[in-house]
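I opened this notebook to record what I looked up in one structure. The entries run from the overall fold to single residues.

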Amino acid sequence: MKNIAVFPILIYQYAISPLIPRSCRYYPTCSQYTKEAILKHGVLKGGWLGIKRIGRCHPWGGQGHDPVP
């Protein structure tokens with residue numbers, strides 16, 4: 001199940017992400033963070049952590065190193 005959930009993220013990372021300019025405020029990037037969270041915590045909790053991270057990615061949000069808990 002985890003691999004199925006991670007597959008669209010991999011497609012984004014290899015096919016779409018290289019075509020758009022880098023503008024990520026965090027390290028690791030939101031897609032990498034979500035992929036790691038899903039693999040570490042499972043689809044539900046990892047997916048929720050990824051959604052929360054994407055929600056923090058805006059001009060008034062934080063920045064810097066933000067590892068998966």
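The entries below concern a predicted model.

**Entry 1. Fold.** I began with the secondary structure and found three helices and two strands. Read from the N terminus, the order of the elements is α-β-α-α-β. I then looked up the radius of gyration, which is 12 Å; the globule rule gives 11 Å for 69 residues, a close value, so the protein is as compact as a globular protein of that length. I noted the extent of the C-alpha trace along its principal axes as about 35 × 25 × 15 Å.

**Entry 2. Burial, surface and contacts.** I looked up what share of the 69 residues counts as buried, and the value is 29%. The protein exposes about 4,900 Å², and 67% of this area comes from carbon and sulfur atoms. For contacts with a separation of 6 or more, I recorded that 67% join residues 24 or more positions apart.

**Entry 3. The largest pocket.** Which residues lie nearest the centre of the largest pocket? I found Tyr12, Ser17, Ile20, Cys24 and Thr29 there, out of a lining of 13 residues. The space in this pocket is about 360 Å³. Helices α1 (2–16) and α2 (30–41) each supply at least two residues of the lining. By class, I noted seven nonpolar residues, five polar and one charged in the lining.

**Entry 4. A cis peptide bond.** I checked the bond that joins Tyr27 and Pro28 and found it to be cis, with omega about 0°. As a general matter, most peptide bonds are trans. I located Pro28 in the loop between β1 (26–27) and α2.

**Entry 5. Arg53 and Asp66.** Is Arg53 buried or exposed? Arg53 has 0% relative accessibility and therefore counts as buried, the cut-off being under 20%. This residue belongs to helix α3 (residues 43–56). Leaving out residues up to four places away in sequence, I listed its contacts as Tyr26, Tyr27, Pro28, Thr29, Cys30, Tyr33 and Asp66. Both residues of the cis bond, Tyr27 and Pro28, are thus on the contact list of Arg53.

I turned next to Asp66, which sits in the segment after β2 (64–65). Its relative accessible area is 17%, so Asp66 is buried as well. With neighbours within four places in sequence left aside, Asp66 is in contact with Tyr26, Tyr27, Pro28, Tyr33, Arg53 and Arg56.

**Entry 6. Ile9.** I located Ile9 in helix α1. At 13% relative accessibility, Ile9 counts as buried. Which residues does Ile9 touch, not counting those up to four places away in sequence? I found Ser31, Thr34, Lys35 and Ile38. I also looked up the separation between Ile9 and Pro69, which are 60 residues apart along the chain; their C-alpha atoms are separated by 19 Å.

**Entry 7. Gln32.** My last residue was Gln32, in helix α2. Its relative accessibility is 24%; Gln32 therefore counts as partly exposed. From Gln32 to Leu10 I recorded a C-alpha to C-alpha distance of 9.0 Å, with their positions 22 residues apart in sequence counted as the separation.

Key: Residues numbered from 1 in each chain as written. Predicted model: local features only at pLDDT ≥ 70, side-chain atom pairs only at ≥ 80, totals over all residues. Heavy atoms only, no water. Helix = DSSP H or I, 4+ residues; strand = E, 2+ residues; numbered from the N terminus. Rg over C-alpha atoms; globule rule 2.2 N^0.38 Å. Buried < 20%, exposed > 50% of the residue type's maximum accessible area, 1.4 Å probe, protein only. Contact = heavy atoms within 4.5 Å. Areas by Shrake-Rupley, 256 points an atom, 1.4 Å probe, with all protein chains shown as cover. 1 Å grid on protein atoms, 1.4 Å probe; cavity = no way out; pocket = protein on both sides within 12 Å on 5 of 7 lines; lining within 4 Å. Points joined across faces, edges and corners; volume = space filled by probe spheres on them. Nonpolar A, V, L, I, M, F, W, Y, C, P; charged D, E, K, R; others polar.
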